[in-house]
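Subject: Structure handover

Hello,

Here is the structure I promised you. Please open it and keep it beside this email as you read.

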2 protein chains.
Amino acid sequence: MIRLANYIRSLIDINDADLRVILSNFSKKKLKKGTFILKHGQVASSYYFIASGAIRIFSGDEPKDKTLWIAFENEFIAELPSIKFLTPSSFSFQAIEETTLITIESGKMDRLYEEFPQFQAFGRQIWEKAFLKVVDNVTLLQTENATERYKKAVLKTDYIQRVSLKYLSSYLGITQTSLSRLRKKIK
Amino acid sequence: MIRLANYIRSLIDINDADLRVILSNFSKKKLKKGTFILKHGQVASSYYFIASGAIRIFSGDEPKDKTLWIAFENEFIAELPSIKFLTPSSFSFQAIEETTLITIESGKMDRLYEEFPQFQAFGRQIWEKAFLKVVDNVTLLQTENATERYKKAVLKTDYIQRVSLKYLSSYLGITQTSLSRLRKKIK
DNA sequence: CTGAGAAATTGCCAAATGACAAGAAAGCTA
DNA sequence: TAGCTTTCTTGTCATTTGGCAATTTCTCAG
């Protein structure tokens, strides 16, 4: 919970009392490796903060799934379009390690927005961050070759090295074989 | 203006009178080919609807720029993060044909949201559309080879064929040379 | 600690894409 | 329309990436 508190504080100004109330609306969940927290086609109803572990967001079904994003500790994630517009999710969310999540239902989130208007800035920033990350990704995929994409991904987060090649490769837009080879060449 | 009216109507329910007031806040602009409506580093302050023509959104500077998106008639575009958070724009917007824009300043847009709450749904959908488009793009870049990406881009909009290879190639994440060749092969 | 299943590596070869430069075609302006 | 500029195409060759299958390594439940 402290991690979440710090995360919120890093994005908005808020006093201790308000923050405490906000946090009381969240609940903790432990997930085993492999657990799905959302499957594509379902309507998403929660926001997730990763206290520890890693979640992969992907489209399609294994083994031909495509990893859109991999989130690690101290990251706030959600299937925003599905939550906001009650449409079926395009993506599945899966824990790829033992993971501790701190979650909140979207209804509660909305009530917090009403009760604490300054908290709305938090919601907006989640959107913005998500948007910018995806845009960055497009640029990377358009611009760099596989080797550079891998290097930059590692630079951004060491965590990325915890991810199996199977998942990482589709995130980088290459095959597992190629990723294995280029990683070897880099060393 | 009729085009914009239809566009708004396609996204939200709104009566004639309200729509008329809303439209009166927009203004028309004609742009010659090559004109910039926003350069990266500037803070964006307007939303744009393309009545005719085409706008390309790109990062970096020519000739090494990367085209993130190409928008055509009946598309609503904006540098949303820059508008919302007053941060410098990461992208430049440039007319790549003679273009007629219908624009509105963000301040006026905000006032419309207050005056016509149902219009907020319009704003939200712009965000969502932008987000989904970018996500689609990631998936495409991750999943398909250059030939497929080109085919799918053409399938989505015939308009794409109006775009010079120079711009189109970086949008597809390949070189102009390769695009020229693969286009020949397809015919 | 062990053995089955999953994941990663490697070899071999084919296909796709890139780099660079030259020439052809198309578009624009006076 | 002529002439200039930009864009497009093509040739050659190098490099990157993919496909497939065999083998090795790793992981984890029992």
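Start at B:Arg183: an N or O atom in its side chain is 2.8 Å from a phosphate oxygen of DNA strand D. That is a polar contact (a pair of N or O atoms within 3.5 Å; within protein, one must be able to donate a hydrogen and the other to accept it, and residues adjacent in sequence count only if both atoms are side-chain atoms).

This is a predicted model: local features need pLDDT of at least 70, side-chain atom pairs count only at pLDDT 80 or more, and totals for chains, interfaces and linings use all residues. Residues are numbered from 1 along each chain as its sequence is written, chains are lettered from A and ligands numbered from 1 in the order written, and side-chain values use heavy atoms, without hydrogens and water.

**Strand D**

- B:Lys166 puts a polar side-chain atom 2.7 Å from a phosphate oxygen of DNA strand D.
- For B:Ser180, the distance from a side-chain N or O atom to a phosphate oxygen of this strand is 2.9 Å.
- In total, 19 residues surround DNA strand D. A residue counts as near if one of its heavy atoms lies within 4 Å.
- Of the strand D atoms within 4 Å of the protein, 66% belong to sugar or phosphate.

**Strand C**

- DNA strand C is surrounded by 19 residues, with A:Leu165 and B:Ala146 among the closest.
- A:Lys166 has a polar side-chain atom 2.7 Å from a phosphate oxygen of strand C.
- B:Arg181 reaches a base: its side-chain N or O atom is 2.8 Å from a base nitrogen of strand C.

Best wishes
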